[in-house]
Amino acid sequence: MHGSTHARIVSSQKVEDSLMLRISYDSVVYMTKEGHKITLPREQLTHGMALVALLLMAGLALFGPSGLLAWSENEQLLEQRQAQIAMLTEERNELRNGVEALHPDRADPDMVGELLRKNLNVVHPDEVVLPIAPEG
């Protein structure tokens, strides 16, 4: 006797003319005289449900949102986002430098002069302005 499984003597009994009953290790297996196993409908249903569950998991592993086929698409999207982040970081750093250059306590005189000329059309007395007509 071993653990919770009680070994029984394997015996063959005729259940019907074409069926044999074999009892072994706490399980009942119906077999034909030729040795083919007969499965019960409940057992077939259990096997079918297990197969459906495995096929569903395999389908999700291949075609799901985090499956193998979406993996390369996600990598491509990640590369695009990293390039976008790098571009935005560079733009942010330029804007930060511009803000620092215009700080009232330590303003850069060249930057202030450039912005005055550009935004307010201010010129020095010794400068000459030449208007240029836009194309188109």
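This passage describes the fold, the exposure and the salt bridges of a predicted model.

The chain holds 3 helices and 4 strands. Followed along the sequence, these elements come in the order β-β-β-β-α-α-α, with the strands leading and the helices following. Burial is scarce in this model: of the 136 residues, 8% count as buried. The contact pattern can be read alongside that figure. Among contacts with a separation of 6 or more, residues 24 or more positions apart contribute 0%. The surface exposed by the chain comes to about 12400 Å², and carbon and sulfur atoms supply 61% of that area.

Helix 1 is a good place to begin a closer look. It covers residues 41–63, 23 residues in total. From its first C-alpha to its last, helix 1 reaches 32 Å, close to the 33 Å expected at 1.5 Å a residue. Helix 1 is also hardly covered, as the count of buried residues among its 23 residues is 0. As a general reminder for reading such an element, an α-helix has 3.6 residues a turn, so residues three or four places apart point the same way.

Helix 3 invites a similar check. Its 12 residues should span 16 Å at 1.5 Å a residue, and this agrees with its end C-alpha atoms, which are 16 Å apart. Just after helix 3, the backbone at asparagine 121 adopts a positive phi of about 55°.

Turning to charged side chains, a search of the whole structure finds 2 salt bridges. One of them pairs arginine 106 with glutamate 100, with 3.0 Å between the closest N and O atoms. Glutamate 100 has a relative accessible area of 39%, so this residue is classed as partly exposed.

The other salt bridge joins arginine 117 to glutamate 127, and here the closest N and O atoms lie 2.9 Å apart. This pair links distant parts of the chain: arginine 117 sits in helix 3 (residues 109–120), while glutamate 127 belongs to the segment after helix 3, 10 residues apart. How accessible are the two partners, arginine 117 and glutamate 127? Arginine 117 has a relative accessibility of 34% and therefore counts as partly exposed. Glutamate 127 is partly exposed too, because its relative accessible area is 33%. Both values fall between the 20% limit for buried residues and the 50% limit for exposed ones.

Terms used: Residues numbered from 1 in each chain as written. Predicted model: local features only at pLDDT ≥ 70, side-chain atom pairs only at ≥ 80, totals over all residues. Heavy atoms only, no water. Salt bridge = Lys/Arg side-chain N within 4 Å of Asp/Glu carboxyl O. Buried < 20%, exposed > 50% of the residue type's maximum accessible area, 1.4 Å probe, protein only. Helix = DSSP H or I, 4+ residues; strand = E, 2+ residues; numbered from the N terminus. Expected span 1.5 Å × (residues − 1). Contact = heavy atoms within 4.5 Å. Areas by Shrake-Rupley, 256 points an atom, 1.4 Å probe, with all protein chains shown as cover.
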